[in-house]
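Please open the structure in your viewer and keep the selection tool at hand. The tour moves from one selection to the next.

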Amino acid sequence: MKKRIRYTSFGFWLVVSIILSLLLPSFGQTAVKQTDFKVTLLGTGSPLLSTSRSGPATLVEVGNEKLLFDAGRGTALQLYKANMLPGSVDKLFLTHLHSDHTIGIPDVWLTGSLPTGGKREQAFNIWGPKGTEKMMLHMHKAFKADLDARDDSGNGNIEGASIMANDIKEGIVYNKKGIEVIAFKVDHKSIEPAFGYRVNYKGHSVVISGDTRYNENLITFAKGADVVIHEVAAAKPDIESESIANILDLHTTPEEAGKVFRQIQPKLAVYSHIVLLGGLTEEKANLLERTKKTYGGTVLLGEDLLSIEIGDKVQVQQRSNEANSGN
């Protein structure tokens, strides 16, 4: 006869609590990290309005630092969904000054200075192309009434709401605690300069392309990177439109991106800032299939809140169970 296992009330709830603690970490906690180099795609969208893809923003957690690259639509909310508050971010790197990459800055900056938003304890530091300092100066002026009111009421954080903006040039723009951030020029044609970034840490690296056409300089700076996060654009082939053609000329097609990946040979390539024009849907865009024409390695179609841990191995955690591998 099999023994019946009986639980006391205390024992039963102890087991339940342990299981829940493993499956559902509470706010402010994170799952156990395999490495201290993690990349999260906060937003993978474009200027096109979307309820499934937020504006372009990529978070790099490296060592004990959080580095944010671009702050598009909804970035503060995406940080919250990623189990952190905007006040935990005090370093922002901009690829270029198009509005879809900067419109989320006020929310991250100001909400992050509030007690309910994480109460950033030091200045909000921003690095970006020429014009960044001027943009942030005017942004500070635009929100002066709010800043003054919060200072007077004691509901704000003067230091956390202060801004340190830096206009950068190509080269190393940040180098502390073993973390190296390199900015390199890319070709977005409609706005100059535009940058991509490479983050190096403990012999590993991630490259973020920013918005760019096929670009040899990106390939040069990305050689040897573990992970490359690259933009991509496509349109319905049967639509003849000068405006769509002009937009495509600012970006990289899947076939062109495949040529980029083939020369870099990363462990993993990921698409973000996904631009689909003329009513083209993701299902019909066939981005991964088109990439296979020029590249045989592993490519993922990025989605919001997809995370990548970088170490001796590259590990991916996706929100859905759908496999997006290009292999």
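The stops below cover a sheet, its strands, two cores and several aromatic pairs.

This is a predicted model, in which local features need pLDDT of at least 70 and side-chain atom pairs count only at pLDDT 80 or more, while totals for chains, interfaces and linings use all residues. Residues are numbered from 1 along each chain as its sequence is written, and side-chain values use heavy atoms, with hydrogens and water left out.

**Stop 1: the open sheet**

Select the strands E7 to E13; strands (E, at least two residues) and helices (H or I, at least four) are DSSP runs numbered from the N terminus. These 7 strands form an open sheet in the order E7-E8-E9-E10-E11-E12-E13, with mixed pairing; two strands pair if DSSP finds at least two bridges between them. At the edges are strand E7 (171-176) and E13, each of which pairs on one side only. From one strand to the next, the twist averages 25°; axes are lines fitted to C-alpha atoms, for helices over the stretch in contact, and angles run from 0 to 180 degrees between N-to-C directions.

Next, select helix H9 (residues 254-264), which packs on the sheet and touches E11, E12 and E13. The direction of H9 makes about 160° with that of E11.

**Stop 2: strand E12 and its partners**

Is strand E12 (residues 268-277) mostly covered or mostly uncovered? It is mostly covered, since 10 of its 10 residues are buried, that is, under 20% relative accessible area (exposed is over 50%, partly exposed in between; 1.4 Å probe, protein chains only). Strand E11 (residues 227-235) pairs with E12 in the parallel sense over 8 bridges, and histidine 230 stands opposite tyrosine 271 in E12. Strand E13 (residues 299-301) is joined to E12 by 3 bridges, also running parallel; here valine 270 has leucine 300 as its bridge partner.

**Stop 3: strand E1**

Move to strand E1 (residues 37-43), where 7 of 7 residues are buried. E1 pairs with strand E2 (residues 57-62) in the antiparallel sense over 6 bridges, with threonine 40 opposite leucine 59. Strand E14 (residues 307-310) is antiparallel to E1 and joined to it by 3 bridges.

**Stop 4: aromatic pairs**

Rings of Phe, Tyr and Trp (its six-membered ring) pair if their centres lie within 6.5 Å; planes under 30 degrees apart count as stacked, over 60 as edge-to-face and the rest as tilted. The count by this rule is 11 aromatic pairs. Select phenylalanine 37 and tyrosine 201: the ring centres are 6.1 Å apart and the planes stand at 80°, so this pair is edge-to-face. Phenylalanine 37 in strand E1 and tyrosine 201 in strand E9 are 164 residues apart, and both are buried.

Then select phenylalanine 184 and phenylalanine 221, a stacked pair with 5.3 Å centre to centre and 15° between the planes. Phenylalanine 184 counts as buried because its relative accessibility is 0%, whereas phenylalanine 221, at 24%, counts as partly exposed.

**Stop 5: the cores**

Finally, select Val60 and Val181, which touch the most other members of the 29-residue largest nonpolar core. Such a core is a set of buried Ala, Val, Leu, Ile, Met, Phe, Trp, Tyr and Cys residues joined through side-chain atoms within 4.5 Å. Strand E9 (residues 194-201) supplies the largest share of this core, 4 residues. Apart from it lies another core, of 26 residues, including Ile264 and Val299.

Methods. Contact means heavy atoms within 4.5 Å.
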